[in-house]
There are 2 protein chains.
Amino acid sequence: MKNAKQAPSLSVQIADAIRAAIVEGALLVGDRLPSEAELAEQHGVSRATVREALKRLAAQSLIRTERGAFGGAFINHLSYDEARPQQVTTSTLLLGMNAVSFQVACEARYALERSCTSLAAERRTDALLDTMRSEIARQSDPDLTDEAFCASDVAFHRALVDSAANEVLSYHLAGSVEAMQPLMNMITFTARSRAEIVRLHHQIVTALVERRSNQIDEALTALEHYTITLGQTVMQRRRTDGMSKDGLTS
Amino acid sequence: MKNAKQAPSLSVQIADAIRAAIVEGALLVGDRLPSEAELAEQHGVSRATVREALKRLAAQSLIRTERGAFGGAFINHLSYDEARPQQVTTSTLLLGMNAVSFQVACEARYALERSCTSLAAERRTDALLDTMRSEIARQSDPDLTDEAFCASDVAFHRALVDSAANEVLSYHLAGSVEAMQPLMNMITFTARSRAEIVRLHHQIVTALVERRSNQIDEALTALEHYTITLGQTVMQRRRTDGMSKDGLTS
DNA sequence: AGACAATTAAATGTCTGACAAATGAAAAAT
DNA sequence: ATTTTTCATTTGTCAGACATTTAATTGTCT
């Protein structure tokens with residue numbers, strides 16, 4: 001039996017206890033935790049241990065600390081804007097570390113993205129349509145680097161999901177869409193492939209204007225298949241090119 | 001100008017630096033970081049400060065620490081199973097802290113869940129179908145508490161999304177589905193409403209067996225509208241009942 | 001009385017030095 | 001050859017100290 005699974009460290013235990021109190025609602029947004037010295041006394045540990053526990057919670061944005069008199073650790077208001085970057089980081093690492101094939105990642109991403117089409121067609125605004133149009137214009141610039149093209153692509157799709165006017169939906173979809181960017185950055189976009197993508201983006205905007213959610217679905221599906229094709233070419237070349245240690249440099 | 005935005009603390013800076021190295025791929029899974037003493041020397045800070053930085057990274061599951069002679073901090077393999085609970089916690093808190101209406105949350109959840117229907121119809125397995133059937137059986141037990149009914153409901157829907165046989169998709173959808181549980185737990189499920197939900201669950205299983213993804217969509221949409229109706233009743237009663245301080249006790 | 005400056009108290013951020021506990025490797029004993 | 005012991009390394013924890021930040025308080029001058 002090597003699975004003895006020793007007890008977690010004190011700082012983990014304390015962090016877990018406070019986290020549970022937050023999740024259960026015993027501690028509300030804006031509430032102040034006792035000072036580090038008080039927490040140390042309450043839990044019978046040193047201040048250093050309490051601090052490590054608090055840093056764990058701060059890393060999850062559950063608390064925020066302020067210095068000075070009347071400072072301390074406060075239960076943080078977790079906003080979607082704050083949570084998004086963390087989710088993107090996690091999703092990106094998950095994709096990178098788990099031998100997920102490009103195809104599986106793409107399949108998930110577009111399946112998820114299609115969940116916004118119905119609401120987007122219903123609620124699209126002129127402002128977001130303009131954003132999408134201007135991103136298409138940028139993508140048509142032949143001098144754009146591949147990386148900038150990808151960034152604009154992400155911006156386009158974020159505008160699409162934001163068109164659904166549902167914050168919760170936007171949060172989940174943004175994570176899924178942005179996490180793909182590092183994978184997309186491996187692709188070399190030729191003039192021909194860029195033209196095809198721009199064409200499908202145009203199709204999406206048109207369908208959105210005309211509130212035809214089915215056509216958005218279709219364009220996204222076409223985009224999915226086209227992207228998978230592009231991706232497989234890259235992956236194949238990488239494999240035959242003989243597994244140079246890293247997957248990022250030329 | 002009160003937005004001076006003072007420099008982040010040293011432990012934050014160090015954590016950010018290491019995190020960047022991980023995300024950029026400079027540090028690979030399994031790599032060992034220098035010992036705390038070495039990191040302290042390298043960054044010109046004390047060991048306590050380095051430790052706080054490492055605890056931040058550990059809280060995000062980016063590293064794992066081992067004690068003993070050849071121990072230290074190792075780049076963690078971030079698995080979907082590890083990341084899921086964290087995502088659920090975050091999603092749950094986001095829902096609870098952001099005055100998201102029950103309707104908006106439900107709308108997002110079911111829109112996302114419908115993104116699995118096509119793949120699920122294509123790939124469903126007998127094992128997961130059996131899981132879904134047994135959860136339906138449990139839900140039909142009139143002695144079940146409301147909380148257990150909710151838990152079974154979540155298990156049912158997780159089996160549905162897992163039927164799509166796409167790990168990435170399951171990850172995102174599980175977060176969205178499970179985050180709703182605290183909100184669902186506020187609902188009192190009458191015998192009549194339970195029967196209606198079970199009926200729709202049956203419909204989903206049947207559609208899945210017959211690979212009719214459209215019918216799964218329809219059942220999910222019906223479930224969405226029915227749940228919103230139930231939820232609004234609860235929210236209304238809560239409002240007229242005169243805002244007793246907490247939203248959890250009877 | 002009111003405006004401005006200095007003081008003070010409370011809290012986090014950081015440092016130092018120490019010891020405990022775990023753990024694998026090497027050395028010693030059988 | 002195998003088992004036991006020792007040992008060095010590293011994380012976990014503690015205690016105490018000082019630096020820094022911040023808001024409230026107090027003091028002073030007009």
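Which residue of chain B forms a salt bridge with A:R51, and how far apart are the closest N and O atoms? I began my notebook with that one, keeping in mind that this is a predicted model. The partner turned out to be B:E52, with the closest N and O atoms 2.7 Å apart.

**Entry 1: where the two chains meet**

I looked at the whole interface next. I found 47 residues of chain B in contact with 48 residues of chain A. The area buried between the chains is about 4100 Å², and carbon and sulfur atoms give 67% of that. On the chain B side, B:L94, B:M97 and B:H172 lose the most area to chain A, together 14% of what that side buries.

Then I checked the polar side of things. The rule finds four salt bridges across this interface, and twelve residue pairs are in polar contact. I also asked which element of chain B gives the largest share of the side touching chain A. It is α4(B), with eleven residues. By kind, the residues on that side divide into 25 nonpolar, 15 polar and seven charged.

**Entry 2: around the DNA**

My next stop was DNA strand C, which 26 residues surround. Among the closest are A:R47 and B:L10. Sugar and phosphate account for 67% of the strand's atoms that come within 4 Å of the protein.

I was pleased to meet A:R51 again: an N or O atom in its side chain is 2.9 Å from a phosphate oxygen of strand C. For B:R67, a side-chain N or O atom is 3.4 Å from a base nitrogen of strand C. Finally, I noted that the surface near the strand divides into five nonpolar, twelve polar and nine charged residues.

Methods: Residues numbered from 1 in each chain as written. Chains lettered and ligands numbered in written order. Predicted model: local features only at pLDDT ≥ 70, side-chain atom pairs only at ≥ 80, totals over all residues. Heavy atoms only, no water. Contact = heavy atoms within 4.5 Å. Buried area = accessible area lost by both parts, 1.4 Å probe. Salt bridge = Lys/Arg side-chain N within 4 Å of Asp/Glu carboxyl O. Polar contact = N/O pair within 3.5 Å; in protein donor to acceptor, adjacent residues only side chain to side chain. Helix = DSSP H or I, 4+ residues; strand = E, 2+ residues; numbered from the N terminus. Nonpolar A, V, L, I, M, F, W, Y, C, P; charged D, E, K, R; others polar. Near = heavy atom within 4 Å.
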